[in-house]
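User: I have a chain to look over before I go back to the bench. Please take my questions one at a time and show the reasoning.

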Amino acid sequence: MSTSIVWPLVSNVIRGHSVNNTFGMVRKHANGGMKPHQGWDLEASVGDPVYSISDGQVVFVRDRGDYGVQLCVSFPFNGATYYAFYAHLQRVYVEEKASVERNTLIAASGKTGNASSLPSSEDHLHFEIRTKESPRLGLQDRVSPIVIYGKCPLTVPIAG
Ligand SMILES: [Zn+2]
């Protein structure tokens with residue numbers, strides 16, 4: 001893990017400690033096959049503070065579709081530009097084109113978009129690492145956040 005990257009929440013653990021909430025072809029499809037999950041779901045209550053994981057720049061803030069209120073922050077990593085993408089937010093505290101520093105309070109976690117009907121026990125931050133700012137659905141143009149962090153907090157929370 002680069003020392004310039006931090007975690008998005010005060011306490012970071014995969015929702016329900018379930019591999020179904022990690023990155024990859026991890027979700028059961030109604031047809032019996034598997035379907036993709038594009039990022040990590042990290043347990044977070046509505047209103048929990050969300051922090052920028054790196055020094056970077058706000059690429060977009062929007063409210064649309066299944067992701068609900070979304071925030072995308074570009075940042076340099078290993079000589080390339082990556083994008084931290086946060087979804088289902090309650091509100092966003094920064095504006096497009098703003099420069100942010102790592103650990104800047106950028107948003108409050110929420111349950112917008114298709115998270116709105118979840119019971120409160122399943123509230124979470126949907127968090128992706130992208131290689132393009134606005135990829136289509138699926139796994140393309142994204143990487144597992146494990147590429148950035150070197151580990152996945154599947155069972156034991158990691159302090160941010
Ligand atoms: Zn998710």
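**Questions on the predicted model**

User: Is N103 buried, partly exposed or exposed?

Analyst: This is a predicted model. N103 has 15 C-beta neighbours inside 10 Å. A buried residue needs 20 or more and an exposed one has 12 or fewer, so N103 counts as partly exposed.

User: Where is N103 placed, and what is the value of its phi?

Analyst: N103 sits in the loop between strand 9 (99-100) and strand 10. Although N103 is not a glycine, its phi is positive, at about 75 degrees.

User: Which loop holds N78, and is N78 buried or exposed?

Analyst: N78 belongs to the loop between strand 7 and strand 8. Its phi is near 50 degrees, a positive value in a residue other than glycine. N78 has 8 C-beta neighbours inside 10 Å, and therefore counts as exposed.

User: How many helices and strands does the protein chain have, and in what pattern?

Analyst: The protein chain has one helix and 13 strands. I148 is found in helix 1, which covers residues 146-149. Read along the sequence, the pattern is β-β-β-β-β-β-β-β-β-β-β-β-α-β.

User: What is the radius of gyration, and why does it agree with a compact globule?

Analyst: The C-alpha trace spans about 45 × 30 × 30 Å along its principal axes. A compact globule of 160 residues would have a radius of gyration near 15 Å, so the value for the protein chain agrees with that; it is 14 Å.

User: What share of the residues is buried, and what share of the contacts with a separation of 6 or more joins residues 24 or more positions apart?

Analyst: Of the 160 residues in the protein chain, buried ones make up 38%. Among contacts with a separation of 6 or more, the share from residues 24 or more positions apart is 62%.

User: Which strand gives the most to the largest nonpolar core?

Analyst: The largest nonpolar core has 33 residues, and L42, V50, L71, V73, A84, Y86 and L89 have the most contacts inside it. Strands 4, 5, 6, 7, 8, 10 and 11 each supply at least two residues of this core. The one that gives the most, with eight residues, is strand 8.

User: Which way do the residues of strand 4 point, and which residue is the bridge partner of L42?

Analyst: In strand 4 (residues 40-43), W40 and L42 point one way and D41 and E43 the other, and all are buried. Strand 4 pairs with strand 11 (residues 124-130) in the antiparallel sense, over four bridges. Leaving out residues up to four places away in sequence, L42 touches P8, L9, N12, V13, I14, R15, H124, L125 and F127. The bridge partner of L42 in strand 11 is L125.

User: Which residues does I148 touch, not counting those up to four places away in sequence?

Analyst: I148 has 19 other C-beta atoms within 10 Å and is therefore partly exposed. Its C-alpha atom is separated by 26 Å from that of G113, 35 residues apart along the chain. Not counting residues up to four places away in sequence, I148 touches I5, F77 and I129.

User: Where does V19 lie, and which residues does V19 touch beyond four places away in sequence?

Analyst: V19 lies in the loop between strand 1 (11-12) and strand 2 (24-28). V19 has 14 other C-beta atoms within 10 Å, so V19 is partly exposed. The C-alpha atoms of V19 and Q70 are separated by 23 Å. Not counting residues up to four places away in sequence, V19 touches V26 and L154.

Technical notes. Residues are numbered from 1 along each chain as its sequence is written. This is a predicted model: local features need pLDDT of at least 70, side-chain atom pairs count only at pLDDT 80 or more; totals for chains, interfaces and linings use all residues. Two strands pair if DSSP finds at least two bridges between them. A nonpolar core is a set of buried Ala, Val, Leu, Ile, Met, Phe, Trp, Tyr and Cys residues joined through C-beta atoms within 7 Å. Two residues are in contact if their C-beta atoms, placed from the backbone, lie within 7 Å. The radius of gyration is taken over C-alpha atoms; the globule rule is 2.2 Å times the number of residues to the power 0.38.
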